[in-house]
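Good morning, colleagues. I should like to take you through one model this morning, beginning with a single residue and working outwards to the whole chain.

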Amino acid sequence: MSEKLFNPLEYPICLEFPLWLEETAWAEHIPFAMFLVAALRPRVLVELGAYRGVSYCAFCQAVKSLKTETKCYAVDTWQGDAHAGLLEENVLTKLQAHHNPLYADFSRLVQSTFDEALKHFAENSIDLLHIDGFHTYEAVKHDFQTWLPKMSERGIVLFHDTNVRERDFGVWRFWAELKEKYPHFEFLHGHGLGVLAVGTKIPNELRFLFETDETETKLLRAFFYQFGSRIDAVQTFHAQQNYIKSLQTYEQIVQNSRTMRIYRILKDEGFGSWVKKGTNEFSRNK
Ligand SMILES: C[S@@+](CC[C@H](N)C(=O)[O-])C[C@H]1O[C@@H](n2cnc3c(N)ncnc32)[C@H](O)[C@@H]1O
């Protein structure tokens, strides 16, 4: 049993709704991300793998709301990988349009590989690192090991996808190894989020997370799952609306196509059944 448990009333930031919500598997973790900024008040925060920027902008939003004076960096090639696929052409431009006016005074979107970005960060300087790049065992292990020397004595590392057991995702396997060596907490919802204390001086406000008994663990998981699921529901609703819009656009394209226009003219001229017969014949012989 931990000495001081988490009191949600001390962290109203958990109730903030994200200003930036695109399609993502991360939406359910936003209340925890905001809580973490409040409890850790990181001096430097780095995210490896930002894509559309949902997790990263949630961190930035909390930094701005809470005035924590954190310097933030998102590192990504914005080219995608074998798991995320090839990214949309304008994904970075769209993210910049939201991010720059709100957060450019304390945050940078760094277009680079994780390895190339390493040299820009001093040893023992990062308080909060979020690893959400390529999710094979080898890639996650490499990202952790290369960035570990950059972590400060208050260092916390987040791992997304600790609970994905499909294709060649291997975060869960690496997470099982890390759990043996460091204080940790794991959320199982939203593909899983691992919280690892790599520093030796973890702030009092965060200690409870690494000292919970079974009942507290269940309660904390349930609490953040409930808080996060309302955000995920909105995100899913937006995604479905976009899908319907894309279907409507497709239907519009078909309706406006040259073939459809010729068909309509022929139908108006009384050749409808003739065209239909021809089309059926064509499909049968294909
Ligand atoms: C799962 S997505 C990140 C999702 C994001 N955190 C969110 O909130 O939805 C992974 C991203 O990592 C990037 N990435 C993967 N490996 C990388 C590497 N070695 N260097 C730079 N970017 C990388 C990809 O381009 C992709 O945008």
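Leu102 has a relative accessible area of 28%, so Leu102 counts as partly exposed. On the definition used here, buried means under 20% relative accessible area, exposed means over 50%, and partly exposed lies in between, with a 1.4 Å probe and protein chains only. Before I continue, please note that this is a predicted model, in which local features need pLDDT of at least 70 and side-chain atom pairs count only at pLDDT 80 or more, while totals for chains, interfaces and linings use all residues. Residues are numbered from 1 along each chain as its sequence is written, and side-chain values use heavy atoms, with hydrogens and water left out.

Leu102 belongs to helix α3, residues 91–103. Helices are DSSP runs of H or I with at least four residues, strands are runs of E with at least two, and both are numbered from the N terminus. Setting aside residues up to four places away in sequence, Leu102 touches Leu19 and Lys64; contact means heavy atoms within 4.5 Å. Leu102 and Lys64 are 38 residues apart along the chain, and 8.6 Å separates their C-alpha atoms.

Let me now turn to the chain as a whole. The protein chain contains 10 helices and 7 strands. Its radius of gyration is 24 Å, whereas a compact globule of 286 residues would have one near 19 Å. That radius is taken over C-alpha atoms, and the globule rule is 2.2 Å times the number of residues to the power 0.38. The C-alpha trace spans about 85 × 40 × 35 Å along its principal axes. Of the 286 residues, 45% are buried. Among contacts with a separation of 6 or more, 79% are between residues 24 or more positions apart.

Which residues of helix α1 are buried? This helix covers residues 30–40, and 11 of its 11 residues are buried. They are Ile30, Pro31, Phe32, Ala33, Met34, Phe35, Leu36, Val37, Ala38, Ala39 and Leu40. Just after α1, Arg41 adopts a positive phi of about 40 degrees.

I move next to strand β1, where Leu48 is placed. Leu48 is buried because its relative accessibility is 0%. Beyond its neighbours within four places in sequence, Leu48 is in contact with Val75, Phe114, Leu129, His130, Ile131, Asp132, Gly133, Asp143 and Trp147. Asn163 offers a contrasting position: 115 residues separate Leu48 and Asn163 along the chain, and their C-alpha atoms are 19 Å apart.

Two of those partners, Asp143 and Trp147, bring us to helix α5, residues 137–147. The buried residues of α5 are Tyr137, Ala139, Val140, Asp143, Phe144 and Trp147. What do these residues pack against? Their partners are β1 (44–48), α4 (114–117), β4 (126–131), β5 (151–160), α6 (171–179) and β7 (193–197).

Val75 also appears in the surroundings of Ser112, a residue in the loop between β3 (107–111) and α4. Outside its neighbours within four places in sequence, Ser112 is in contact with Val75, Asp76, Thr77 and Ala117. Its relative accessibility is 11%, so Ser112 counts as buried.

My last topic is the aromatic residues. The structure holds 25 aromatic pairs. The rings of Tyr73 and Phe121 have centres 5.1 Å apart and planes at 85 degrees, so this pair is edge-to-face. For reference, rings of Phe, Tyr and Trp (its six-membered ring) pair if their centres lie within 6.5 Å; planes under 30 degrees apart count as stacked, over 60 as edge-to-face and the rest as tilted. Since Tyr73 lies in strand β2 (residues 71–76) and Phe121 in the loop between α4 and β4, the pair ties together parts that are 48 residues apart in sequence. Tyr73 is partly exposed at 22% relative accessibility, whereas Phe121 is buried at 9%.

Tyr137 and Phe174 also form an edge-to-face pair, at 6.0 Å centre to centre with 85 degrees between the planes. This pair links distant parts of the chain, with Tyr137 in helix α5 and Phe174 in helix α6, 37 residues apart. Tyr137 counts as buried at 12% relative accessibility, and Phe174 is buried at 4%.

Finally, ring pairs join Phe6, Tyr11, Phe32, Phe35, Phe185, Phe187, Phe208, Phe223, Phe224 and Phe227 into a cluster. Phe32 and Phe35 are among the buried residues of α1 described earlier. Thank you for your attention.
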